[in-house]
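Biologist: Got a minute to go through this one with me? I'd like to poke at it piece by piece.

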Amino acid sequence: MAFEFTDGTTLMVRSCILSGCNFYAGYPISPASKFHLLMMTEMAQMGRIAIQGEDEIASISMAIGASLSGKKALTASSGPGLSLYSESIGFALMAEVPLVIVIIQRMGPATGGATTNLEADVQFARWVTSGGLPMVVLCPGSPESIFGLMNHAFNVSETLRTPVIFLTSKEMALSKERIDSRKLLLGKIHDRKEFQGNRSRGKKYIPFNIDKLSDIPDFLPLGANQLVRYTSSMHDEKGLLTRDPQKVKKKLVHLEKKILVNKKIIDRYLPDLDAGAKILIIGYGTLSRICQEVSRRIRSGGRKCSLLTIESLFPLPETALKKALRGVESVVLPELNSGLYAESVKPFLKEGQKIISITRVDGSQLDAGEILSRIRSR
Amino acid sequence: MKRATYLDERKKPFPFCPGCSHGKVLEKINEALLKLNPDPKKIVVVSDIGCIGLSDQWFLTHALHGLHGRSVAYAQGIKLSKPELKIIVLMGDGASGIGGHHLLSAARRNIGLSVFLCNNFNYGMTGGQHSVTTPENYLTSSSLQGNLEEALKIPETLYLNGATFVARRAYYDRDLISVMAEAIAHEGFSLVEILESCPAYFGSYNAFSKQEMEKLISNKGLDRKYQKVNGKQEYTQKYFKTKLKKPVPLSSPSLVPRHKNFLGKKLDIVIAGSAGGKIISTVSILARAAILSGLYARQRDDYPVTVRSGYSISFLTLGRDHTETGDITSPDILLILSQDGLNRAGQYAPKMRANQQIYIMGDLLPIKSRAKKFAINLDKTNRHISKKNMAFFVLGSLLKQEKMLPLEAFKEAIQLRPLDDQDEKFLLLEKSSPIIFIPA
């Protein structure tokens, strides 16, 4: 049996490297500075590309340019940086640019508390840009799961050609603990599909050509043997600007459908359901393991209790959630914010089901004892 | 093979207003490319927002069209990824305002891009508002009193900050094509500012003509420029040729438990001192020693934004197995090594119980708590313990007093990472002793 003593940041960087990330651009910010530092040195050591942009907008823009040149690209920041990424994330959605964005949350809004933990950017990550399109947000529930989830972020981003936010927090990124090395499982690597010619349209590359609305267009990089064209503006399948209502509609429905129809590829959750339980605990982020402890204590007290740990926050794993909700009377959802994710769960509740939103916003952690006593008091 | 054109002739005319000089500039870029005759598949035209941003669609090259002012940043990502490509950036004066920072940094890096800055002195696309390059006192739709601001002189600024090729020309200059060709052929960062005419707005507000342009050039210091620096390495080439001066290992040492431990129940320890006291790294050694002794360990650190001043606190939880308890609020052992540490971690003392322990530097007493208190008196050691060794020395002494895990495990943990001061640490560990703890 072998262990190591390390932090979430180191595990994130290692899984990025192993997932094949070969372009990093970032700008230092607490509590993501260590991530930046490790990427800058590790990537250079491996002969891959890492550059410190003059700001967050430069960094994500460089990453977009790199991704469209065929690189597996990544940028990283905290909440303030996510604010600055906003418009560029819209570009990545519109031009179908694979891109992983690591966000290590700290207390907001604005400069907030640079070294204080809070996990209040959950809905911000979901609705980060204009246009109202679905956004993929993944959030690790334990340091060990960082490994596989980071590779999953790249897989989803590459295969669905979409930006993916990998959302974690200071607590997960900078706390060190004993890690069981055997649990660090990367999983398979899936890269974007390169254009090899196409049955109906021949060998001519059309950058945004799809048959079905939920299809993912094949990729060719800038500098390929056929000319390619990418744009942040509304475009037709050739990447030329358009205002034609038919083409506009086709593009926007496609951007929505390619995520929603392929949701099963994105879903990451861990059900631990107890048949006949009246209580369901939903855990995500750093509270995932604390929720496991809460459910263990409830069960050891002789009561039934279901538990659902969610790592693919958005799009919501609806099927798993509906299944977990069956027969339950109350849903406990502890969060290190004002109850933000609870708002996304509420629409799934049936009549008679209530949500117990347990929140904390003072920068300290919720513990199992407090969650239990707050469940009892409701 | 001599190519006929880099423009999509079937798509012409260009979409610009009558009298606009953008079309003429695009034709000249085409002429410049024809002079050099590069493979169009090795060229990427990068544009962003503004009238000139429409033009990438007229080029028979690779193209990327993005957000306002960010073209230079995309271009750098492309260049770094594919250094063999020629990157041509087309941007307007608006973009040079909103994205001026990117221009400056690209110039400082001397990264291989050819930027054509099409300066028509105003925002044509949004209705003729003043931009960073609108000359002082000239009229625009948003400065009808005459522009109150001084115009930004971009080639001069970039040259001062590391660009290795800058030029300024008017769109009708005879040598514009050859200057453009030189810019494209240049290995490092190049920028050509092209003074243009916007008949729809800036031109009509200021009764603009070629004579007026010449007046503007001489009165506002927009002289034709041509400056080139040879011999400075291009950024991408430099990146791949430069090695790290100090490689950093990313893997953490593998810990195989081979020692016993004497821990009965979960133990929460808080060690509070000052920055520079090596609190965090010392606590990590203890954590690794615990893992080597078959225990679970978790460490959280707390420090202000300015890491080299103020408090430094580590929270360490040791247990027989992984436990989730949230924050430590009532530690089993509280170690206070400095006034900074007391200021920050003193809050735990009143919450502590009689079966818990506080170890505190003697001069920081008294402290209110029901916990069992010990004064730390380093004079007992007959040796000077420096600030950076204090946490290590006290923790070593604590380990000898509390005996939660064997000293052998602690020694092994010290050796896990190649530390410069390993010998010093072993000596300190040998000298450490519970005699420094005096019941208070």
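**Strands, then the interface**

Modeller: Sure, let's start inside chain B: F165(B), A167(B) and R169(B) point one way from β7(B), V166(B), R168(B) and A170(B) point the other way, and all are buried. Keep in mind that this is a predicted model.

Biologist: Why is β7(B) largely enclosed by the rest of the structure?

Modeller: Six of the six residues of that strand, 165-170, are buried, so the rest of the structure largely encloses it.

Biologist: Which strand does β7(B) pair with over six bridges?

Modeller: That's β8(B), residues 190-195, and the two pair in the parallel sense. To find the register, look at A170(B), which stands opposite L195(B) in β8(B).

Biologist: Over to chain A. How many residues of β7(A) are buried?

Modeller: Seven of the seven, for residues 163-169, so β7(A) is largely enclosed by the rest of the structure. Both faces are covered: P163(A), I165(A), L167(A) and S169(A) lie on one side, with V164(A), F166(A) and T168(A) on the other.

Biologist: Which strands are joined to β7(A) by bridges?

Modeller: β5(A), residues 99-105, runs parallel to β7(A) and is joined to it by seven bridges. There, I104(A) stands opposite T168(A). β6(A), residues 136-138, also runs parallel to β7(A), with three bridges. In that pairing V136(A) has V164(A) as its bridge partner.

Biologist: Okay, changing topic to the interface. How many residues does each chain put into the contact?

Modeller: Chain B gives 65 residues and chain A gives 71. About 5,600 Å² is buried between the two chains, and carbon and sulfur atoms give 56% of that.

Biologist: Which three residues of chain B supply more of its buried area than any other three?

Modeller: L67(B), L250(B) and E324(B), which supply 13% of what chain B buries against chain A.

Biologist: What about polar stuff? How many salt bridges and polar contacts are there between the chains?

Modeller: The rule finds seven salt bridges across the interface. One to click on is D321(B) with R178(A), whose side chains meet at 3.2 Å, N to O. For polar contacts, the count is 33 residue pairs, both residues being at pLDDT 80 or more.

Biologist: Which elements of chain B supply at least two residues each to the side that touches chain A?

Modeller: The helices are α2 (71-81), α4 (100-109), α9 (235-241) and α10 (279-292), and the strands are β2 (62-65) and β11 (296-302). α2(B) gives the most, with seven residues.

Biologist: And by class, what is that side of chain B made of?

Modeller: It has 32 nonpolar, 20 polar and 13 charged residues.

Biologist: You listed β11(B). Which strand of chain A does β11(B) pair with?

Modeller: β8(A), residues 176-180, in the antiparallel sense over two bridges. K176(A) stands opposite Q299(B) there.

Biologist: Last one, K372(B). Where is K372(B) placed, and what does K372(B) touch?

Modeller: K372(B) is in strand β15 of chain B, residues 372-376. Leaving out residues up to four places away in sequence, K372(B) touches A354(B), Q356(B), Q357(B) and I358(B).

Biologist: And what separates the C-alpha atoms of K372(B) and N261(B)?

Modeller: They are separated by 24 Å, with the two residues 111 apart along the chain.

Methods. Residues are numbered from 1 along each chain as its sequence is written. Chains are lettered from A and ligands numbered from 1 in the order in which they are written. This is a predicted model: local features need pLDDT of at least 70, side-chain atom pairs count only at pLDDT 80 or more; totals for chains, interfaces and linings use all residues. Side-chain values use heavy atoms; hydrogens and water are left out. Contact means heavy atoms within 4.5 Å. Buried area is the accessible area (1.4 Å probe) that two parts lose on being put together, summed over both. A salt bridge is a side-chain nitrogen of Lys or Arg within 4 Å of a carboxyl oxygen of Asp or Glu. A polar contact is a pair of N or O atoms within 3.5 Å; within protein, one must be able to donate a hydrogen and the other to accept it, and residues adjacent in sequence count only if both atoms are side-chain atoms. Helices (H or I, at least four residues) and strands (E, at least two) are DSSP runs, numbered from the N terminus. Ala, Val, Leu, Ile, Met, Phe, Trp, Tyr, Cys and Pro count as nonpolar, Asp, Glu, Lys and Arg as charged, and the others, Gly among them, as polar. Two strands pair if DSSP finds at least two bridges between them. Buried means under 20% relative accessible area, exposed over 50%, partly exposed in between (1.4 Å probe, protein chains only).
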